[in-house]
Each structure stands twice: as C-alpha cells, then as structure tokens.
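Trainee: I am new to this structure and should like to discuss it step by step. May we begin once the sequence and model are displayed?

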Amino acid sequence: MSSSMAQELLGTSFQNPVLLAAGTCGFGEEIAEVVELDRLGGLVTKSVTLEPRLGNPAPRVAEFRAGMVNSVGLANPGAHEVRKRKLPWLRERMVRARVLVSVAGHTPDEFVRVVEILDDADGFQAYEINLSCPNDTRRGGLAFALDPDAAARVLEGVRRRTERPLVAKLAPNTPDFGPVIRALEGAGVDGFTLVNTLPGLVLDPETGEPALGAGAGGMSGPAIRAVGVHAVWSAAAHTRLPLLGVGGIAEGQDAVQYLMAGASLVQMGSASFWDPRSSGRVVNWLDAAVRRRGLDHVRALVGSARLERKKPQEPGPE
Ligand code: RRO
C-alpha cells in the first residue's frame with residue numbers, strides 16, 4: 001500500500017483511513033478468518049462495559065430494504081475479560097492496523113471504571129467513548145451525546161484517568177452538534193466519531209410485531225449515509241479536532257464523500273456484515289482514486305467538498 005494513504009492523528013499513524021466500526025467486528029478475533037484485518041487502518045472494538053452483558057432478546061438484527069436495525073443491547077464480556085483475553089489477541093495480531101477500544105456505561109462512573117481496568121494494558125492506541133448507544137433505555141432513552149452536560153461529565157471523568165486519546169462517538173439525531181462539541185472540547189476530548197445508528201422501528205405489517213426482540217433499535221446501512229455525511233460536514237463547522245465518519249459506507253464512492261465532508265478516517269459497519277471483503281475493496285478504491293485524481297496524498301480529499309455554508313436568501317427590494 002502506498003504511503004500516500006497514511007493518516008497521522010490521535011498520536012498515531014493509520015496506514016490507511018479505513019477502519020471497522022464498533023459493534024460490527026467484535027474484538028477482531030471473531031472475523032479474522034474472513035477479513036484481512038492487518039491491511040486496514042484499524043478497528044474499533046465492540047463497546048466494553050464494566051460487567052459482562054448478555055444483551056437483548058433475539059432477534060438482535062433485522063434487515064430491511066435500505067439497511068438494517070439492531071438492538072444488541074451492549075452484549076460483551078466485560079472489562080476484566082477484555083483485558084485478559086481480547087487485548088492480548090489484538091496486540092499479537094494487529095501489527096500495522098490500529099485499535100480503538102469502545103467504552104460504554106450507564107453512568108459516568110462506569111465509563112471511568114472501564115478505563116481504569118484497561119488503561120495500562122497493551123493492544124490498543126485510543127478509546128472511542130460511546131456516548132450514543134440508541135438501545136440503552138436506562139437513561140430514559142436519552143443518549144449522553146444528546147445532553148451536553150452529561151456527555152461532558154463522562155469525558156471529564158475519563159480524561160482524569162487516562163492520557164490515551166479520547167474520541168467521542170456522537171448520535172445523529174441532534175438538531176445542532178455545536179453544544180455537545182463545545183462541551184466535550186472543554187472536557188478534553190481529542191476527536192469525534194459521527195455517527196452512531198439512528199433510532200428506528202421495523203414492524204411486521206401483518207402482525208404489528210417488531211422485527212427485533214427488543215422492539216425498537218438503531219438503524220444503519222445505506223439509509224443513513226447522507227445523514228452521516230451531513231453530520232460530519234456540520235460538525236466540521238464547530239471543531240478543528242479530527243473527525244471519524246461512519247454510516248452506510250459500502251463502496252469507495254461512499255467513503256470519499258465522508259472524507260470530502262471533513263472526516264480524516266472512515267469506519268465501515270453494516271456493509272462488512274453483508275460482504276466481509278468490502279473494507280479491503282474500499283482501501284483499494286481510495287488508493288487508486290488518489291492516484292487517478294493526481295493527488296499527492298489522501299489527506300488532499302479531506303474537507304474538499306465544494307459546498308459553501310450558504311446563508312438563506314433574504315427577500316430583495318421590490
Ligand atoms: O449494543 C448495541 O445494541 C448498540 C450499541 Br452499544 C451502539 O452504540 N449502537 C447500536 O446501534 N447498537
């Protein structure tokens with residue numbers, strides 16, 4: 001792979017800008033036979049909570065024409081087991097690719113305790129702080145990312161416990177990214193991932209039963225691509241910190257839109273469920289696109305959208 005694909009951010013070098021998204025690749029081991037993980041920029045682990053969680057009732061995923069919904073319910077083996085069994089595997093196998101550990105919790109203190117358990121272990125470079133799980137009903141369905149003060153409390157707590165880079169994963173269903181971005185910048189965040197899944201509900205049109213065991217879920221896939229690209233572009237107006245774009249990327253043409261909107265890295269989720277080779281194809285496509293367009297480096301694409309932040313038209317004089 002050419003060096004023109006490498007991206008330097010979050011205190012490390014990503015060999016290319018394509019990562020696998022949290023919740024779609026387990027802890028790497030689960031998909032290592034079907035995806036050439038060490039050719040990618042990296043992966044984000046399934047969100048880790050303090051205690052092991054079995055997750056929500058089946059079915060946990062359901063497809064519909066434009067994408068899929070999930071309500072996995074944070075199933076994961078818990079922070080101690082991740083430290084003991086998952087991180088050593090990642091340390092051994094992810095030689096060139098980078099690892100972000102996704103952290104989740106019901107309270108700010110739970111995030112902090114996960115970080116305390118993992119922080120001095122090897123096998124990862126940064127945390128993705130998941131402030132936007134749509135399937136966590138314990139906070140009345142309100143994701144931390146939709147409440148800037150609550151989001152900042154999580155980040156402040158974690159920031160005090162670690163020197164590793166912290167990327168905050170935000171929710172798509174917000175009218176304005178400005179307040180949460182400002183609150184998290186004040187709390188010491190190092191970057192943002194946009195976006196988590198969008199709350200969605202798929203019903204059986206005959207019976208009225210939900211397609212998911214838990215009822216509603218988080219929607220992903222092609223249906224949310226334009227939402228994600230717009231979120232990155234909107235966030236870029238509020239921050240100079242690096243942005244990681246995710247939502248509906250299946251092809252190089254999708255990834256490049258996120259880069260143009262301002263993302264330095266992209267993450268792939270649903271598409272790699274459907275086709276485990278899609279992430280490798282996106283890496284190859286971007287590499288070829290950089291050369292075909294006569295660019296020195298993939299970073300020339302970042303923020304290159306030809307889109308003015310136009311003001312609404314005012315009525316002119318009669
Ligand atoms: O586990 C899940 O159900 C889940 C999580 Br933590 C998340 O952040 N986003 C999502 O769509 N599902």
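Mentor: Certainly. Helices (H or I, at least four residues) and strands (E, at least two) are DSSP runs, numbered from the N terminus. Please bear in mind that this is a predicted model.

Trainee: Where does Leu10 lie, and is Leu10 buried or exposed?

Mentor: Leu10 lies in the loop between strand 1 (7-9) and strand 2 (12-14). Leu10 has a positive phi of about 55 degrees, although Leu10 is not a glycine. Buried means under 20% relative accessible area. With a relative accessible area of 10%, Leu10 is therefore buried.

Trainee: Which loop holds Leu74, and what is the relative accessible area of Leu74?

Mentor: Leu74 is not a glycine, yet has a positive phi of about 60 degrees. Leu74 is found in the loop between strand 6 and helix 1 (79-93). Leu74 is buried, and its relative accessible area is 6%.

Trainee: Which residue in strand 12 stands opposite Val69?

Mentor: Strand 6 (residues 67-70) and strand 12 (residues 217-220) run antiparallel, joined by three bridges. In strand 12, the residue opposite Val69 is Met219.

Trainee: Which residue of strand 11 stands opposite Met219?

Mentor: Strand 11 (residues 198-200) is joined to strand 12 by three bridges, and the two run antiparallel. The residue opposite Met219 is Leu198.

Trainee: What is omega for the peptide bond from Ala58 to Pro59?

Mentor: Pro59 is found in the loop between strand 4 (42-44) and strand 5 (61-64). The peptide bond from Ala58 to Pro59 is cis, with omega near -10 degrees.

Terms used: Residues are numbered from 1 along each chain as its sequence is written. This is a predicted model: local features need pLDDT of at least 70, side-chain atom pairs count only at pLDDT 80 or more; totals for chains, interfaces and linings use all residues. Side-chain values use heavy atoms; hydrogens and water are left out. Two strands pair if DSSP finds at least two bridges between them. Buried means under 20% relative accessible area, exposed over 50%, partly exposed in between (1.4 Å probe, protein chains only).
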